[in-house]
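Take a walk through this fold with the model open beside the text. The route starts at one residue and works outward.

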Amino acid sequence: MAALGWLTPRRRSSTARSVLAGEAAAEAARKTSQQFEADARAGTDADTAPAEPDFPVFGDVSAAAFFDLDNTVMQGAAIFHFGRGLYKRKFFQRRELARFAWQQTWFRIAGVEDPEHMQDVRESALSIVKGHRVSELMSIGEEIYDEYMADRIWPGTRALAQAHLDAGQKVWLVTAAPVETATIIARRLGLTGALGTVAESVDGVYTGKLVGEPLHGPAKAEAVRALAGAENLDLSRCAAYSDSHNDIPMLSLVGHPYAINPDTKLRKHAREREWRLRDYRTGRKAAKVGIPAAAGVGALAGGTAAAVALHRRRR
């Protein structure tokens with residue numbers, strides 16, 4: 001990605017950065033998917049998935065499925081879980097961990113992505129990985145998935161993805177998380193590949209900069225559009241899944257949009273347009289705010305109190 005390093009955000013408009021981020025994500029996704037395409041459908045690392053959902057899946061080769069990651073496929077945000085794993089390996093200090101904890105608590109309580117929090121996390125992550133080798137972070141990412149992510153996959157969403165795979169279609173994650181992290185998750189779930197935020201690297205070493213901008217909002221739609229063109233897909237026959245109103249551009253791009261564990265704005269938008277909805281959260285409280293139900297509420301309350309105390313102490 002070093003060749004794209006001169007395309008900095010300061011010299012490009014927001015729209016141009018979105019296109020650049022989307023195209024970079026599509027390029028990275030196609031390359032990484034080739035590495036594990038042979039065992040994509042075998043799912044050797046996957047647990048047994050629930051039964052196929054009771055709605056039709058179009059099984060032609062011109063169709064594919066695109067899944068948002070955070071709170072759609074996985075409970076919480078992948079980048080926060082990744083941060084916990086890096087802290088465990090002493091990549092950064094306790095004060096950064098407190099910030100990660102506060103932001104993750106907010107994300108789980110509100111059930112929405114706060115732009116300022118997400119921007120802060122991305123800047124922190126870039127500064128943390130700067131100077132490290134891509135191969136090193138990929139290896140660590142495999143361990144972090146087992147430690148913090150594997151048990152947070154929504155079984156219902158996973159069943160949806162498996163239905164597309166069983167129909168002979170390709171399935172891609174589309175996320176603002178680093179493409180390396182997204183690729184690991186996609187491979188572990190037996191998916192085709194992943195579109196994610198592309199961090200610049202030179203000779204296999206992270207520079208601390210992004211290619212374009214984070215793969216968020218309109219950039220996701222640009223990535224899906226670019227990948228569809230490269231893969232000869234008919235977007236009118238494709239499906240997309242997300243929990244967030246931020247992904248309405250991506251959902252609107254395909255012929256079969258689905259709102260999964262939707263936030264309030266997406267739920268309203270989906271109902272107005274008669275999009276299909278699926279909510280895999282259990283309990284009234286969880287359905288309202290988008291957090292793990294019942295068993296996790298007590299633990300979350302304790303974590304929230306601790307995060308609030310840390311935040312006040314810092315102020």
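Leaving aside its neighbours within four places in sequence, which residues is Leu173 in contact with? This model is predicted, and in it Leu173 touches Phe67, Leu69, Val73, Ala182, Ile185, Ala186, Leu191, Gly193, Ala194 and Leu195. Two of these names, Phe67 and Ile185, come back at once. Together with Leu86 and Leu173, they have the most contacts inside the largest nonpolar core. That core has 40 residues. Helix α5 gives the most to it, with seven residues. A second, separate core holds 29 residues. Leu195, Ile248, Met250 and Leu251 are among them.

Step back to the whole chain. The chain has 12 helices and eight strands. Of its 315 residues, 52% are buried. Take the contacts between residues at least 6 apart in sequence: 67% of them join residues at least 24 apart. The chain exposes about 14,700 Å², and carbon and sulfur atoms supply 51% of that area.

Now look at helix α7, residues 179–188. Nine of its 10 residues are buried, so the helix is largely enclosed by the rest of the structure. The buried set is Val179, Glu180, Thr181, Ala182, Thr183, Ile184, Ile185, Ala186 and Arg188. Arg187 is partly exposed, because its relative accessible area is 26% and the buried class ends at 20%. Arg188 counts as buried, at 13% relative accessibility. Just after α7, Gly190 takes a positive phi of about 75°.

Both arginines reach the same acid. Glu142 forms a salt bridge with Arg187, with the closest N and O atoms 2.1 Å apart. Glu142 lies in helix α5 (residues 134–149) and Arg187 in α7, so this pair ties together parts that are 45 residues apart in sequence. The side chains of Glu142 and Arg188 also meet in a salt bridge, at 3.1 Å from N to O. Here too α5 is linked to α7, across 46 residues. Elsewhere, salt bridges that share partners join Lys88, Arg89, Glu143 and Glu147 into one network.

Helix α5 also packs against α2. The axes of the two helices come within 9 Å and cross at roughly 105°. That makes α2 roughly perpendicular to α5. On the α2 side, the residues that meet α5 are Ala78, His81, Phe82, Arg84, Gly85, Leu86 and Lys88. On the α5 side they are Leu137, Ile140, Gly141, Ile144, Glu147, Tyr148 and Met149. Leu86 thus appears in this interface and among the core residues with the most contacts. Lys88 and Glu147 appear here and in the salt-bridge network.

How many salt bridges does a search of the whole structure find? The search finds 14. One of them joins the side chains of Lys220 and Asp68, at 2.7 Å from N to O. The partners are 152 residues apart: Lys220 is in helix α8 (residues 218–231), while Asp68 is in the loop between β1 (64–67) and α2 (78–88). Are these two charged residues buried or exposed? Lys220 counts as buried, at 2% relative accessibility. Asp68 is buried as well, with a relative accessible area of 1%.

Terms used:
Residues numbered from 1 in each chain as written. Predicted model: local features only at pLDDT ≥ 70, side-chain atom pairs only at ≥ 80, totals over all residues. Heavy atoms only, no water. Buried < 20%, exposed > 50% of the residue type's maximum accessible area, 1.4 Å probe, protein only. Helix = DSSP H or I, 4+ residues; strand = E, 2+ residues; numbered from the N terminus. Salt bridge = Lys/Arg side-chain N within 4 Å of Asp/Glu carboxyl O. Contact = heavy atoms within 4.5 Å. Areas by Shrake-Rupley, 256 points an atom, 1.4 Å probe, with all protein chains shown as cover. Core = buried A, V, L, I, M, F, W, Y, C linked by side-chain atoms within 4.5 Å. Axes fitted to C-alpha atoms, helices over the stretch in contact; angles between N-to-C directions. Parallel < 35°, antiparallel > 145°, perpendicular 65-115°, else oblique.
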